[in-house]
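Q: Could you walk me through one part of this structure in close detail? I am new to this, so please take it step by step.

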Amino acid sequence: MPNWLKKAIFYEIYPQSFCDSNGDGIGDLQGIISKLDYVKEIGFNAIWLNPCYLSPFKDAGYDVQDYYKVAPRYGTNEDLYRLFDEAHKRGVRVILDLVPGHTSDECEWFKQSRLTVRNQYSDRYIWTDCVWNRPPNYPLVAGNADRDGCYMLNFFLCQPALNYGFNKITHPEWQLSYEDDRVRATFDEMLKVMRFWLDKGCDGFRVDMADSLVKNDEDKTATASLWRKARIMLDKDYPEAVLVSEWCNAPKAINEAGFHCDFVLTHHGKLTRNATRNVVNGVNESYFCKTSHASADETLKTYLNELKQTEGRGYMSLISGNHDEIRLAETLDENGVKLYFTMLLTLPGVPFVYYGDEIGMRYLPQISKEGGFQRTGSRTPMQWDSGAPNTGFSSARREDLYLDVDRRAEAPCVNEQIADSSSILNVVKTLSKIRTDNAALQADQSLSVIHCSDDGVLCYTRGKEVAVAFNPTDGEKTLPCEMGEVIFKIGDYLTQGSNVLLKPQTAVIFKLKQEI
Ligand code: GLC
Ligand code: CA
C-alpha cells in the first residue's frame, strides 16, 4: 500500500474546462501546468485527470481511440510527461483515467475487429456468431459492420465492449470463457497501457467502470480476478502507484479485486447522495440542507459497514462531486457546502475534490456537449478571475469556447475568494491543511460515531483525540458532549455545563478533553 495515500487529497481535473493556454477555447495540458501552484496552494497533493487520449469525443474522451496518444487538442505526449514532472517537483501526484471496458468505435482495434477476414483483433470485442443471432437481453448492435455478427455495447452506441469473456456461459456458440486464451490478450493489453504511462511518470489510474469487464459475472469474481493481476504487477514493479476504482462496492473492489481505493458515489445511494442531492418531489432531504433536519444515521450505516470491512486493506473515496454528478452548490447553500467539505476532509479514506467545487461553482442547466447530457452543467470552465475575459479560463472569443462560462454577476471566482477569508475556497484550504497536519484525520485512522440523533446532530471522533461535530440545520441543537480545544469552526456554539449548544449550520473540529 503506497504510503502517500494516507495524506492524499485528490483534485479531479476535467481537462476540457480547466485552463486554456493557447486561446483556442479549450483547456489543455499546458494550462493545467500553469495552475499547479494553485492546486498545491489549496492543499491538494494529487490530481486525477479525466481521459486525455486521442478520441472522437462522443463521450467526452471516455471513448478512447488510442490509449497511447494524447489528444492533440490537449497537447502532445511530451506535454503530459512534462505535467508529471512539474507536478512531482511540487510534491503533487498525477493519476490518469483508464477506460478498460470499451473503446471508441473509431479505435483501430475495432476497425480490424469488424472485418470479415479473421485477424488478431477479431476476438478483442464481443461479437455474436451471426448477425441473426441476437439474444434480446444483451445490448447488441446488428447490421453495422461487414462482419457477420452483432457486437456488444458497454455504454453508449459509440462504445463497443472489449472482450474479457464471460463467467456464466449462456450462449456457447459465441461467448468465450473469461479464462480462454483468446480473450486473455485484452487484459494483457490493458496492463501494457498501464505500464506505458507508469514508465513515463504517471502515479496510477482511476479505473472507469472497473466492474464491467467480464460479462455474466454476477458476483464479479471473474472481473476481480483480472484486477488482482494488475495489483500484482503494481506491487512488483510500481509499488508507489495506485489504482482507484469506479466500482462503488468497496469490499469487492478493495478486498477481492485489490484496488487501493474505491469511490463512494452519489447515484449508488451512499453517504454523499443523502448528503448532497436528495431532492425528492421538490423537497431537499439531503443531510446538509438546513431545512431537511434529516438524521445522518441511515447514510452513515452503509458507509460504516463498508469501512469496517475494508479497514486496513484499502480506502473509501468520498467526493465533493465529479464530472457525472450535479454540482454540490446546486442543492446546498454556501454554509451547507462548507459543512459538507468539513465532513469530506475529516472522514477516513482518500477524499476527492472536483475542480470548481472548492469555490462553489454552480451547475448550469440545459446544456449538452460531447455526450454529456445533463452532466454537462457540471463541466463548465473554471472561474479564475472575475475581471478577465471568460473569467480567466481562455482568451478565445465567446463563441469559440468549449462551453460558455458562468456569466452571472454572482458567479464565484478564485481571485475574489482568495481575498475573502470566509470564502468556501479558504475553508477548503484551511481544512486541507488541518487534515495534512493532524495524523488523526488521515486516511487510515479510526472513526467512531459518538453521537447521531434524529434532529440532525452528529459527532464523530478520529483517532484518539480529534472530534468533529455537526449541526447542519437552521435551528439550535444540543450536543451532549464536552468539547476541548477548538481547531476549526464554521458557525458557532455555546458551552452549557457538560453540553454544547450548536448554533444553526455549525461544524466544529476539536481536540477531546480526555483521550478516549
Ligand atoms: C464512467 C464515467 C462516465 C462515462 C462512462 C462510460 O461512468 O465516469 O463519464 O460516460 O463511465 O465510460
Ligand atoms: Ca487550448
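A: Here is a walk around the bound ligands, beginning with ligand 1 and ending with the calcium ion. Keep in mind that this is a predicted model.

Start with the space that ligand 1 takes up, which is the largest pocket. Around ligand 1 there are 13 residues, and D59, D208, E246, H323 and D324 come nearest. If you sort this shell by character, you find seven charged residues, three polar ones and three nonpolar ones.

Now look at how some side chains meet the ligand. In D59, a side-chain N or O atom is 2.6 Å from an oxygen atom of ligand 1. The side chain of H102 also has an N or O atom facing a ligand oxygen, at 2.9 Å. For R206, the distance between such a side-chain atom and an oxygen of ligand 1 is 3.1 Å. Taken alone, ligand 1 would expose 310 Å², and the protein buries 96% of that.

Next, move to ligand 2, the calcium ion. Its protein donors are D20 (OD), N22 (OD1), D24 (OD), I26 (O) and D28 (OD), and they lie 2.2 to 2.4 Å from the ion. Along the sequence, these donor residues follow the spacing D-x1-N-x1-D-x1-I-x1-D.

Finally, compare two of these donors. N22 has 52% relative accessibility, so it counts as exposed, because the cut-off for that is over 50%. D28 has 4% relative accessibility, so it counts as buried, because that label applies under 20%.

Note on methods:
Residues numbered from 1 in each chain as written. Chains lettered and ligands numbered in written order. Predicted model: local features only at pLDDT ≥ 70, side-chain atom pairs only at ≥ 80, totals over all residues. Heavy atoms only, no water. Near = heavy atom within 4 Å. Polar contact = N/O pair within 3.5 Å; in protein donor to acceptor, adjacent residues only side chain to side chain. Areas by Shrake-Rupley, 256 points an atom, 1.4 Å probe, with all protein chains shown as cover. 1 Å grid on protein atoms, 1.4 Å probe; cavity = no way out; pocket = protein on both sides within 12 Å on 5 of 7 lines; lining within 4 Å. Sits in = over half its atoms within 2 Å of the grid points. Nonpolar A, V, L, I, M, F, W, Y, C, P; charged D, E, K, R; others polar. Donors = N, O, S within 2.8 Å, 3.2 Å for Na, K, Ca; no water. Buried < 20%, exposed > 50% of the residue type's maximum accessible area, 1.4 Å probe, protein only.
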